[in-house]
Protein chains: 2
Amino acid sequence: MQRFINKADEVVEDMLKGFVRAHKDLVVATDDSRVIKYKEAPVENKVGVVTGGGSGHKPAFVGYLGKNMVDAVAVGEIFSSPTAMAFFNAFKEADSGRGVACLYGNYAGDNMNVKMAIEMAEADGIEVKTVVANDDVPSAPKDKLEDRRGVAGEVLMWKIGGAMAAKGADLDDVIRVSQKAIDNTRSIGVGLTSCVIPEVGKPNFTIEDGKMEVGIGHHGEPGIEVTNLKTANEVAEIMVDTVLPDLPFEKGDEVVVLVSGLGATPVMELYILYNKMEELLAEKSISIYKPYVGDYFTSLEMMGATLTVMKLDDELKELIDEEADSMGFKQFRG
Amino acid sequence: MQRFINKADEVVEDMLKGFVRAHKDLVVATDDSRVIKYKEAPVENKVGVVTGGGSGHKPAFVGYLGKNMVDAVAVGEIFSSPTAMAFFNAFKEADSGRGVACLYGNYAGDNMNVKMAIEMAEADGIEVKTVVANDDVPSAPKDKLEDRRGVAGEVLMWKIGGAMAAKGADLDDVIRVSQKAIDNTRSIGVGLTSCVIPEVGKPNFTIEDGKMEVGIGHHGEPGIEVTNLKTANEVAEIMVDTVLPDLPFEKGDEVVVLVSGLGATPVMELYILYNKMEELLAEKSISIYKPYVGDYFTSLEMMGATLTVMKLDDELKELIDEEADSMGFKQFRG
């Protein structure tokens, strides 16, 4: 395990200390060592935006704390849900009195802990509503949308929900657009190598050299097919052909495309994939309003990539255009 | 070789196509397929800022094209210098009539090709002056500064030179501050794994599991020592103790710290290193004016990290604070 760590069971703690020190201009620690917040949170008269999840997915989740983005994050151990208490404390740090939009991904542990945290928040007089991201197409059939996992589409959900909250919208409106964002979003991942959880010390799954796993999850959850490793253009085609029919995305649609690496794949290769993806979408007369290419939602040192596509309407376009300032998503207006 | 590529000898071409497509808001292709420029270049009445180098170092080099940064980049094959013609064409794309600052790293191929390109430019009436980055401490002794390689300190040189050019400074002043930036900058790399050049298909060096190479170069150039892999805190100490005495950085100094991953090391681990580095600098009463942590200058899927420290004065502070908009370095003012 070739890593810069101290003790395997202190990775998250050390990382959070360094993260807070490196981004003093954006974030601040709280009384709960597993809750980090935007330094301006709670922002007066603004709906709070909260997320949370396991660690090991940088920039997710703490990397999206910032201006017009997320107000507080509950941090879990590597690939493990944060506790209910951490979610509850994140709600408290984010709430200015106008309620909290908890925008997170569909995983059993997160669902359970968010539910308990909401009960705690209700007892405390904090209104919390949720949107549960489920953009990962290969994780369940279309008639079981509620079983699908949330993956890199969460980044776009935070961007949209964060921008809406920053405009002063009320909780119901922030929830409405965040739900619309994720309802209009579909993703797929392709894995090329495994990764090692520091406390485990060995890979918990394997992908043989020369093979690739289509539909892999962010924690190595099995995909829909293991095939021989194909060319980048063929991989792009498989990804596009899985994602587009599912919504479906159709001729004339305007979309955001987000291509993220899973960690160890050089960003160079993401551009090679994107090059073909843009061609494939153009052939279908789907136009890319904004592309994002980079490491937006990773899985430690897994090699692989994800494709996320979000269909836009005028409201989503306006919100995606808003300025954002966070470690993982920094954008000038427009 | 677990990669998303088409043909190994078309990696750079495919990557550049995708890069230009993904960043239409920032960059544009030119008549030379190995020259990419900032879409506004040449910027009227501004000294042009040019760099170039081998591919495989994303975001370097094309990722620093943009507002208040670099105007044109000459692109080489993976880990190989761009041609003299590419540098010359980059000069032409960047020159608005006020001359060109070519800010690049100290490698034999780049030195030779920049020199030839300058002769071509002179014949063409374009004034070009250079700053050659040599921030990599372990690459040569202090009395042979001219033999040292340029590494991640180049990013800070581009930031400073780019900001100065954007203020309307003349060529001599852009060169002066860029030279001051790199003269005040020291770096070190620690490698944990090798990487594979696509056309070669196998690693051209190896680092055994459980070992680390102190002082490794951006292309796997041998370091000063191979040791057992130490804890993150110990690695941070080795890096700081190599970099600080060399300038030397001293009590009361204000510095920029840039911690970059080499590619496959999860960004999480960079924060673990940074956490200790900030402590170590504080103990020496050196204060960090701005920290940058992330993948700023990589080497394909090498695991490892680099530390870069730049000593500031009032002029450098003002320039580092300037807004910047590029794929690899995006910053709001201040």
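A:N275 has a relative accessibility of 5%, so this residue counts as buried, the cut-off being under 20%. This is a predicted model, and A:N275 makes a handy starting point for a tour of it. The residue belongs to helix α7 of chain A, which covers residues 267–283, and its side chain reaches that of B:R21 in a polar contact of 2.7 Å. From there we can look at the interface of chain A and chain B, and then turn to two sites with contacts inside chain A.

**Around A:N275 and B:R21**

- Setting aside neighbours within four places in sequence, A:N275 is in contact with B:D14, B:K17, B:G18 and B:R21.
- B:R21 appears again in a salt bridge with A:E279, where the side chains meet at 3.2 Å, N to O.
- So what is the distance of the polar contact that joins the side chains of A:N275 and B:R21? The value is 2.7 Å.

**The interface of chain A and chain B**

- Chain A and chain B each bring 61 residues to the contact.
- About 5100 Å² is buried between the two chains, and carbon and sulfur atoms give 64% of that area.
- On the chain A side, the residues that lose the most area to chain B are A:Q2, A:F4 and A:F332, which together make up 21% of what that side buries.
- Eight salt bridges are found across this interface.
- There are also 26 residue pairs in polar contact across the interface, counting pairs with both residues at pLDDT 80 or more.
- Several elements of chain A give two or more residues to the side that touches chain B, among them helices α1 (11–22), α6 (232–243) and α7.
- Strands β12 (287–294), β13 (304–311), β14 (324–326) and β15 (330–331) of chain A also give two or more residues each.
- Which element gives the most to the side of chain A that touches chain B? That is α7(A), with ten residues.
- Sorted by class, this side of chain A has 30 nonpolar, 14 polar and 17 charged residues.

**A:Y104 in strand β6**

- A:Y104 sits in strand β6 of chain A, residues 100–105.
- With 4% relative accessibility, A:Y104 falls under the 20% cut-off and therefore counts as buried.
- Its side chain is joined to that of A:N111 by a polar contact of 2.7 Å.
- Leaving out residues up to four places away in sequence, A:Y104 touches a list of residues including A:T51, A:G52, A:D110, A:N111 and A:V114.
- The same list for A:Y104 includes A:T130, A:V131, A:V132 and A:A133, along with A:E154 and A:M157.
- For a sense of spacing, A:Y104 and A:V196 are 92 residues apart along the chain, and their C-alpha atoms are separated by 24 Å.

**A:K180 in helix α5**

- A:K180 is part of helix α5 of chain A, which spans residues 171–183.
- The side chains of A:K180 and A:D313 share a polar contact of 2.7 Å.
- Not counting residues up to four places away in sequence, A:K180 touches A:D313, A:E315 and A:L316.
- Between A:K180 and A:I160, 20 residues apart in sequence, the C-alpha to C-alpha distance is 9.3 Å.

**The annotated span in chain A**

- UniProt, in an unreviewed entry, places the feature "domain: DhaK" at residues 7–329 of chain A.
- In the model, residues 7–329 of chain A are 32% helix and 24% strand.
- The end C-alpha atoms of that span lie 30 Å apart.

Notes: Residues numbered from 1 in each chain as written. Chains lettered and ligands numbered in written order. Predicted model: local features only at pLDDT ≥ 70, side-chain atom pairs only at ≥ 80, totals over all residues. Heavy atoms only, no water. Helix = DSSP H or I, 4+ residues; strand = E, 2+ residues; numbered from the N terminus. Buried < 20%, exposed > 50% of the residue type's maximum accessible area, 1.4 Å probe, protein only. Polar contact = N/O pair within 3.5 Å; in protein donor to acceptor, adjacent residues only side chain to side chain. Contact = heavy atoms within 4.5 Å. UniProt positions renumbered as here; feature names shortened; annotations may be inferred. Buried area = accessible area lost by both parts, 1.4 Å probe. Salt bridge = Lys/Arg side-chain N within 4 Å of Asp/Glu carboxyl O. Nonpolar A, V, L, I, M, F, W, Y, C, P; charged D, E, K, R; others polar.
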